[in-house]
Amino acid sequence: MRESASVRRRFSVFRGSPTFTIGLSFTGLIFLVALISLFWSPYHLDDTSGGRLEGPSSAHLLGTDQLGRDLFSQLIAGSRIALTVGIGATTIALIIGAFLGLLAAFFPGWIDDTLASVFDTLIAFPTLLLAMLIIAAEGASLWAAILAIGIAASAIVSRLTRTLAKRILTQQYVVAARTCGTSRWGILRGHVLPNLWPTLIVNLAIIYGVAVLTEAGLSYLGLGAPPPSYSWGRLLREAQSTVLTAPLGAIAPGIAIILLVLGMNFIADGLRELLDPTQRGVS
Amino acid sequence: MTDILRVEGLSVAVKADRSRRSLSQPSHDLLRDISFDIADGERVGLIGESGSGKSLTALAITGLLPRSLTSSGNIFFGEQEISRISDREMQRIRGKEIAVVFQEPASALDPLMKVGNQVAEPLRRHFGLRGAKLRIAVNAALEEVQLANSRRIADAYPHEISGGERQRVAIAAAIACKPRLLITDEPTTALDVTVQGEILKLIERLVSERAMSLIFITHDLAVVSQVADRVLVMRHGEFVEDLPVEKLLASPAHPYTVELLRNARLLDSALEA
């Protein structure tokens, strides 16, 4: 009986937020495509057997590019890069950002003052610009792009974490826990992190979308993963010159980017609704 | 009777801010040289208007003043001087020897933590209880504060129980480790009148059963005369009166106390009329 109740509760998550469900199906679709692309692709990526700039056909679902390569195969391969960049950059942003943000919140004084001004300065630069600066120093590669976007986004996570943690630390329940003899470490684990998490995870979902978008931007500018890897941004760049004769070359990766970024934003919105503790268990 | 708490010349002031130092503002005193002692098992009411420094006194005793404030003076808990000891040492006293119940139970409980875990925290910390033993102790603490369905309550989040239940939970967490001194900071102000009465009775019973000392902070004269043996009247960060509760009602000395009493009676008669 107990199990069925918990199963029902798990599924009620989807009923609780249609936005979340839509977001999950968008991202899930791309995730599935990326998984499949690991084992199977309609054509080999170097296969130039198709005619140049062919339109969609049963042989080439989305047509071919200037060199006669299958566009659909490239698009599928690109999903892996987009997902990797999203996961990698968000993880880096979370690790660096949460650590520095909590450090600032727990040590008011010069540590906090210094970190806060660093965060504010970094946030003043657009993520793309910051990432370009880092790549200019590192050289263009997929990992450089992930690292650059992660570091650039970590400023956002730091500032958010710092603000939230500071607010939580002034809450009455933290003072009450302190009067019960709870240590600072206990406060961090028992009260700050659980209360921080819902807002943070929502923002991480948004940052994931931003990371995907930024990587596409970098690749479009030629600063992303160099060939032979197929980033959606690079597909856009290559389709640029033939956008009037073969518009699908630009539209398809564009839609793929939109699907993933929108999906993550929907997930963020859905999580916001679902993680509100006062909504939990309300049917 | 021996003193359980002795406060000598406690002053609290706003720390001169680095950025504002140049303005050479005189530091603003929040508590001015207050001294008092509390005997073992004594119940002391701390009364005064908002901003008179009642809650600040409680925070200073537990060593939890905000960083922006500085304090001076000595606080002895039993034989131990506690105003200068490290936070780590103070953690061993907080919750175990001195416990606090706050005004607003809704905000004094973490909204994302199950009520049972919040009561368990001090028990885990000070007595090292784990697993089944901890659960039993939590249930015992919840039953002690007359929460009938302790299992259900322990498993609930704060928003799932009523205001009165929340305050009982907060009391249960405070007394779980059997502290010798209980500080209650307006514990009934946020509750409606019938629940207020029950909570007061509960605090009274627990204090007398366990022979705890009590500092009862309030601005309500009627409440203080019900629970306290002795009353300290505070105003603008100073004590203006320190006398047994019968005397307070019969022959107050300080004009401020007289005024307080007069207003309380005026209000009563206005309500009755």
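The chat below goes over a predicted model with chains A and B.

Me: What ipTM and pTM does the predictor give the complex?
Reply: The ipTM is 0.84 and the pTM is 0.82.

Me: And what pLDDT does chain B average?
Reply: Chain B averages 86, and 95% of its residues score at least 70. Where pLDDT is low, the predicted coordinates should not be read in detail.

Me: Chain A next. How many helices and strands?
Reply: Chain A has ten helices and zero strands. Read from the N terminus, its elements are α-α-α-α-α-α-α-α-α-α.

Me: What box do the C-alpha atoms of chain A fill?
Reply: Along the principal axes the box is roughly 75 × 55 × 30 Å. Chain A has 283 residues, and 43% of them are buried.

Me: What share of the contacts in chain A comes from residues 24 or more positions apart?
Reply: Such pairs make up 68% of the contacts in chain A with a separation of 6 or more.

Me: How many residues does each chain put into the contact?
Reply: Chain B puts in 26 residues and chain A 19 residues. On the chain B side, the elements that supply two or more residues are α2 (87–93), β6 (98–101), α3 (105–108) and α4 (115–127).

Me: Which of those gives the most?
Reply: α4(B), with four residues.

Me: How does the chain B side divide into nonpolar, polar and charged?
Reply: Twelve of the residues of chain B that touch chain A are nonpolar, six are polar and eight are charged.

Me: Now the sheet in chain B. What is the strand order?
Reply: The order is β6-β7-β8-β3-β9-β10, an open sheet of six strands with mixed pairing. At the edges are β6 and β10 of chain B, each of which pairs on one side only. Neighbouring strands of the sheet are turned by 15° against each other on average, with direction ignored.

Me: Parallel or antiparallel for β7(B) and β8(B)?
Reply: Parallel, over five bridges; β7(B) covers residues 181–185 and β8(B) residues 213–218. L182(B) stands opposite L214(B) in this pair.

Me: And how do β9(B) and β10(B) run?
Reply: Antiparallel, with six bridges joining β9(B), residues 230–235, to β10(B), residues 238–244. R235(B) is opposite E238(B) there.

Me: How many residues sit between β9(B) and β10(B)?
Reply: Two, and the strands form a hairpin. In the turn, H236(B) has a positive phi of about 50°.

Me: Which strands does α7(B) lie across?
Reply: Helix α7(B), residues 163–175, lies across β6 and β7 of chain B. The helix runs at about 175° to β6(B).

Me: Back to α4(B). V115(B) is in that helix; is V115(B) buried or exposed?
Reply: V115(B) is buried, because 29 other C-beta atoms lie within 10 Å of its own, and 20 or more is enough to count as buried.

Me: What is V115(B) in contact with, leaving aside neighbours within four places in sequence?
Reply: The contacts are L109(B), I153(B), A154(B), A156(B), P158(B), I161(B) and V169(B).

Me: How far is V115(B) from A173(B)?
Reply: Their C-alpha atoms are separated by 9.3 Å, and the two residues are 58 residues apart along the chain.

Notes:
Residues numbered from 1 in each chain as written. Chains lettered and ligands numbered in written order. Predicted model: local features only at pLDDT ≥ 70, side-chain atom pairs only at ≥ 80, totals over all residues. Pairing = 2+ DSSP bridges. Contact = placed C-beta atoms within 7 Å. Nonpolar A, V, L, I, M, F, W, Y, C, P; charged D, E, K, R; others polar. Axes fitted to C-alpha atoms, helices over the stretch in contact; angles between N-to-C directions. Buried ≥ 20, exposed ≤ 12 C-beta atoms within 10 Å, placed from the backbone. pLDDT = per-residue confidence, 0-100.
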